[in-house]
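Here's a quick tour of a protein model for anyone who'd like to look before heading back to the bench. Have the viewer open and follow along.

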Amino acid sequence: MQELSIKQFLSKEIKAFFKLKKSDRLWHIPVLASLCIGIPLLIGLAFDNVKSGLLASLSGLVILYIPTANSIVSRMATMLICSFGFMVSYAVGLIFSFNPFVSTIVFGIFSTMVYWINLYFKTKPPASFFFIMIASLASGMPHDLSSIPQKIGLIAMGTMLACTLALLYSFLVKRKNHKKDAAIISDLLVKSKYADLVEAMIVGSFMFTSMLIGHVLKLQNPYWIPISCLAVMQGVNLYHIWQRVIHRILGTFLGLGLCWLFLSIVHTPFSICITIIVLQFIIEILIVRHYALAVIFITPMTILLAEAANPLILNPDLLIATRFLDISIGSLIGAIGGWFVHNEKIRFYTTMKIRKAKLVVMGK
């Protein structure tokens, strides 16, 4: 009977792996995301400064936070708030990157705050992911105080472009189920009564740990570990988290093979830019339908976006091996972190400790 149940479970998982979920997501969003990523890249290419174009295109990911079902006021308010969050995230990562251990501590604290804020305001997916990802990328960059304003400016320009495209999109595409503007603004500022500080502290601790492991192992780009860790920890339950681990590692393995193929064929800056744009479109089509399939394309896209200006990209074999190690370590740490997040005993015990500490501080 037990053997039969195991067979049924495996059969169910295999069927689920090859099944595409239904989605009501508009095709406009993948196009919009591709434009927000692609335009800065092509502008950077035109001015022979692909590195700056890559940085500006990274902040173009803010377009993924646009609420498609709401009014123009709500959309633009959300876009502006998230754009400011992107700039703050990048600035925090850059400013404290002068020392790896100081940077790791600040990154852990910042991740806790960002994660808690997103829980507090009930932010919809991708929630805190891209804010923490951008802080992680910035903290792994070489510290150069004089270049910080310029880099933050490029991030700002990328978000400005995304906001402009979001505004044009809002005028061109109108949804029937609009809410009143006043209601939208109040919805935007509604605070959750069930903000989970414990969960945020656990996530922040694992962001700190994963980044620290990257520095201890002296990896060239330690930020890949916390990014992979967070992607796995965002599962809604333990089953979903372990499923994400399997899907992410398998998808990453196949994606790295695809990336190796791209790096072997694609050599010119123009072809790299076009490849990133196409991959971004495919990812936005697949991410809501099949996570593992999307990861296959996420892997080469993120590597090209983050590493295109890295000399290591000229050695595809070494780059692929390094990224697979980083992502595998991060995914496994994320699985452990997910167990802590969804362990009710740990959550209850930690909550009791926080309440007792609060009573002591208040003198009761």
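Which helices each supply at least two residues of the lining of the second largest pocket?

## The second largest pocket

Keep in mind that this is a predicted model. The helices you're after are α2 (28–46), α3 (50–59) and α7 (148–172), each of which puts at least two residues into the lining of the second largest pocket. The top contributor is α7, with four residues.

If you want to pick out the lining in your viewer, select P40, I43, G44, F47, N49, S52, G53, A56, L154, M157, G158 and L161. By type, that lining splits into seven nonpolar and five polar residues, with no charged ones. The space in this pocket comes to about 230 Å³.

## A lone salt bridge

Now over to helix α14, which covers residues 316–341 and holds both D326 and R323. These two pair up as a salt bridge, with 2.8 Å between their closest N and O atoms. The structure has just one salt bridge, so this is it, going by the cut-off of 4 Å between such a nitrogen and a carboxyl oxygen.

The partners sit three residues apart, or about one turn of the helix. Both D326 and R323 are buried.

## F101 and its distance to M211

Is F101 buried or exposed? Neither, quite: its relative accessibility is 49%, so F101 counts as partly exposed. You'll find F101 in helix α5, residues 100–120.

For a long-range pair, try F101 and M211: they're 110 residues apart along the chain, and their C-alpha atoms are separated by 9.2 Å.

Notes
Residues are numbered from 1 along each chain as its sequence is written. This is a predicted model: local features need pLDDT of at least 70, side-chain atom pairs count only at pLDDT 80 or more; totals for chains, interfaces and linings use all residues. Side-chain values use heavy atoms; hydrogens and water are left out. A salt bridge is a side-chain nitrogen of Lys or Arg within 4 Å of a carboxyl oxygen of Asp or Glu. Buried means under 20% relative accessible area, exposed over 50%, partly exposed in between (1.4 Å probe, protein chains only). On a 1 Å grid over the protein atoms alone, a cavity is a set of points where a 1.4 Å probe fits but cannot get out, and a pocket is an open set with protein on both sides within 12 Å along at least five of seven lines; lining residues have an atom within 4 Å of a point. Grid points are joined across faces, edges and corners, and a volume is the space filled by probe spheres set on the points. Ala, Val, Leu, Ile, Met, Phe, Trp, Tyr, Cys and Pro count as nonpolar, Asp, Glu, Lys and Arg as charged, and the others, Gly among them, as polar.
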